[in-house]
Amino acid sequence: MKTHWQILVVDDEEVMCESLAAWLREDGYVVDTAASGREALEKAQKKDYAIYFVDLKMPGGMDGIETMMQIRRLHPEASIIIITAYATVDTAITAMKEGAQEYIVKPCNPEEISLLVSRIVRVKNLQRENTILRKKLTRQYTVHDVISKNAKMQEVLRLAREVASLRSTVLIQGESGTGKELVARALHNSGDRASKPFVAVSCAALAETLLESELFGHEKGAFTGAAQQRQGKFEQADGGTIFLDEIGDISPKLQVDLLRVLQDRSFYRVGGSQEIRVDVRVVAATNVNLQQAVADGKFREDLFYRLNVIQIRIPPLRDRREDIPLLADHFLERITRELGKEVEGICESALRVMMDYHWPGNVRELENAIERAVVTCRESKLTDQDFSFLAPGASEGRTWSPPAGMSIQDMEKILITATIQRAGGNIKESAAILGIDRSTLYEKIKRYEIPR
């Protein structure tokens with residue numbers, strides 16, 4: 001169900017109002033109705049509707065134009081469509097001047113209404129995605145923003161606060177998804193370098209030659225495709241912090257280059273002869289046991305000691321289970337706001353599922369699980385059913401064998417019934433999931449006598 005964008009239909013003609021609302025509900029939208037401008041304003045004060053269909057001529061002292069103007073004051077971002085049986089150029093111009101997005105004439109064509117709403121929703125989705133991206137780009141974390149009441153994590157945060165303003169190199173160790181970059185950003189934003197750049201580099205994402213150029217930059221003509229001089233990440237981070245993620249994956253040659261930078265605070269661009277000096281704090285992170293890598297001859301011992309000046313070890317989520325409810329509530333609040341979906345909270349049954357799960361992907365997996373649950377949730381709160389994918393064996397490949405004697409028709413009836421229930425009775429969504437059109441689905445519902 002398309003719960004992100006809710007619609008209010010305002011018309012004093014009950015038949016017109018309910019028929020328009022019914023068609024929009026058939027398209028999967030959540031729709032309320034109001035019989036007058038005053039009733040519409042009362043509902044608009046309680047709920048943030050994304051789209052309003054407002055009749056131009058309504059009795060009771062408040063016509064469609066005045067209703068639209070009042071709604072605009074409450075919800076400036078709302079899309080308002082004026083509908084009327086009295087189409088004139090003057091009324092259309094007045095409606096548009098006062099902020100109507102569209103102006104349509106009765107009797108309304110349901111297909112045109114569907115296309116219109118679909119177009120408005122597409123624009124709103126793009127606007128929302130842009131807003132989310134801007135928030136992510138400007139989101140600043142400090143040590144105080146790291147959520148935890150676990151004793152080990154509190155010790156981590158205490159150490160982070162103490163060393164935030166030092167230039168000393170920090171090595172953050174922990175499993176994938178534990179929040180190593182979050183802690184690195186918090187270190188940066190809590191110290192004296194907060195106003196300077198924070199530059200993150202994934203050392204595992206690039207081949208050796210590309211990573212060398214990425215870190216140290218290159219001169220024009222240094223290699224095929226080097227059409228111009230380019231600054232590396234160390235230069236970009238000058239005065240601030242460079243975060244080297246997955247440092248345990250770098251090649252022996254780059255280990256030597258990095259050791260030189262840590263010792264001398266200087267380097268050469270690829271293909272260059274001019275020494276470049278930088279003032280950069282290095283924060284490195286790895287999910288590899290670097291001590292073991294040193295013992296195995298895979299990582300330079302001198303580089304390890306240069307990196308391991310201050311060590312921060314982040315515990316896995318399974319060792320800090322008391323943080324799961326706190327993190328889940330935090331992710332729920334943020335994700336529902338970003339997705340524009342109303343979910344009031346998390347049921348005890350859902351919390352039990354999360355507390356019992358072992359979280360191999362740690363905090364990142366928890367965040368993704370909350371987002372998946374919010375997207376598929378059909379109740380006011382997240383329940384254990386919304387986290388059924390976390391059940392033991394849920395992700396394992398399993399085959400289902402139908403009971404003996406079950407016909408294809410019986411199986412089709414079960415599939416259709418289950419799909420309609422999962423889609424909350426929404427026929428359009430069910431048809432899309434099943435890969436058939438609505439008329440075919442209606443025919444099968446009637447044939448199999450499936451209740452709705």
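**Figure 1. Strand S6 pairs with strand S11 in the parallel sense.** Four bridges join S6 to S11 (residues 281–286). The model shown in this and every other view is predicted. Within this pairing, Ile172 of S6 faces Ala285 of S11. S6 also pairs with strand S12 (residues 310–313), again in the parallel sense and over four bridges. Here Ile172 stands opposite Ile312. The side chains of S6 (residues 170–173) split between two directions. Val170 and Ile172 point one way, Leu171 and Gln173 the other. All four of these residues are buried.

**Figure 2. Five strands make up an open parallel sheet.** The strand order is S7-S8-S11-S6-S12. S7 (198–202) and S12 are the edge strands. Each has a single partner strand, so one side of each lacks a neighbour in the sheet. On average, neighbouring strands are turned by 20 degrees against each other, direction ignored. At the S7 edge, five bridges join S7 to S8 (residues 241–245), and the two run parallel. Val199 has Ile242 of S8 as its bridge partner. At the S12 edge, the partner strand is S6, joined over four bridges.

**Figure 3. Helices H6 and H7 lie across strands of the sheet.** H6 (residues 151–163) lies across S11 and S12. The angle between H6 and S12 is about 150 degrees. H7 (residues 180–190) lies across S6, S7, S8, S11 and S12. H7 runs at about 160 degrees to S7.

**Figure 4. Phe216 and Phe234 form a stacked aromatic pair.** The structure holds eight aromatic pairs. In the pair of Phe216 and Phe234, the ring centres are 5.7 Å apart and the planes meet at 10 degrees, so the pair counts as stacked. Phe216 belongs to helix H8 (residues 208–216) and Phe234 to helix H9 (residues 233–236), so the pair ties together parts that are 18 residues apart in sequence. Both phenylalanines are buried. Phe216 and Phe234 form one aromatic cluster with Phe267.

**Figure 5. Tyr357 and Trp359 meet edge-to-face.** Another view of aromatic pairing shows Tyr357 and Trp359, with 4.6 Å from centre to centre. Their planes stand at 85 degrees. Both Tyr357 and Trp359 are buried.

**Figure 6. Two arginines sit over aromatic rings.** Arg372 lies over the face of Phe389, 3.9 Å from the ring centre. Arg447 places its charged end over the ring of Tyr448. In that case the distance to the ring centre is 5.4 Å.

**Figure 7. Arg320 is a buried residue in a loop.** The loop runs between S12 and helix H13 (324–339). Is Arg320 buried or exposed? Its relative accessible area is 2%, under the 20% cut-off, so Arg320 counts as buried. Leaving out residues up to four places away in sequence, Arg320 touches Ile147, Ser148, Asn150, Met153, Thr178, Pro315, Leu327 and Val363. Of these contacts, Met153 falls within H6 (residues 151–163), the helix that lies across S11 and S12. Leu327 falls within H13 (324–339).

**Figure 8. Tyr52 is buried in strand S3.** S3 spans residues 51–55. Tyr52 has 0% relative accessibility, so this residue counts as buried. Which residues does Tyr52 touch, not counting those up to four places away in sequence? The contacts are Leu8, Ala44, Lys47, Ile71, His75, Ala78, Ser79, Ile80 and Ile81. Thr33 is 19 residues from Tyr52 in sequence. In space, the two are 9.7 Å apart, C-alpha to C-alpha.

**Figure 9. The whole protein holds 18 helices and 14 strands.** Of its 452 residues, 45% are buried. Contacts between residues at least 6 apart in sequence were also sorted by separation. Among them, 70% join residues at least 24 apart. The accessible surface comes to about 23600 Å². Carbon and sulfur atoms account for 50% of that surface.

Methods
Residues are numbered from 1 along each chain as its sequence is written. This is a predicted model: local features need pLDDT of at least 70, side-chain atom pairs count only at pLDDT 80 or more; totals for chains, interfaces and linings use all residues. Side-chain values use heavy atoms; hydrogens and water are left out. Buried means under 20% relative accessible area, exposed over 50%, partly exposed in between (1.4 Å probe, protein chains only). Two strands pair if DSSP finds at least two bridges between them. Rings of Phe, Tyr and Trp (its six-membered ring) pair if their centres lie within 6.5 Å; planes under 30 degrees apart count as stacked, over 60 as edge-to-face and the rest as tilted. A charge sits over a ring if NZ of Lys or CZ of Arg is within 6 Å of the ring centre and within 35 degrees of the ring normal. Axes are lines fitted to C-alpha atoms, for helices over the stretch in contact, and angles run from 0 to 180 degrees between N-to-C directions. Contact means heavy atoms within 4.5 Å. Accessible areas come from the Shrake-Rupley method with a 1.4 Å probe; for residues, only the protein chains shown count as cover.
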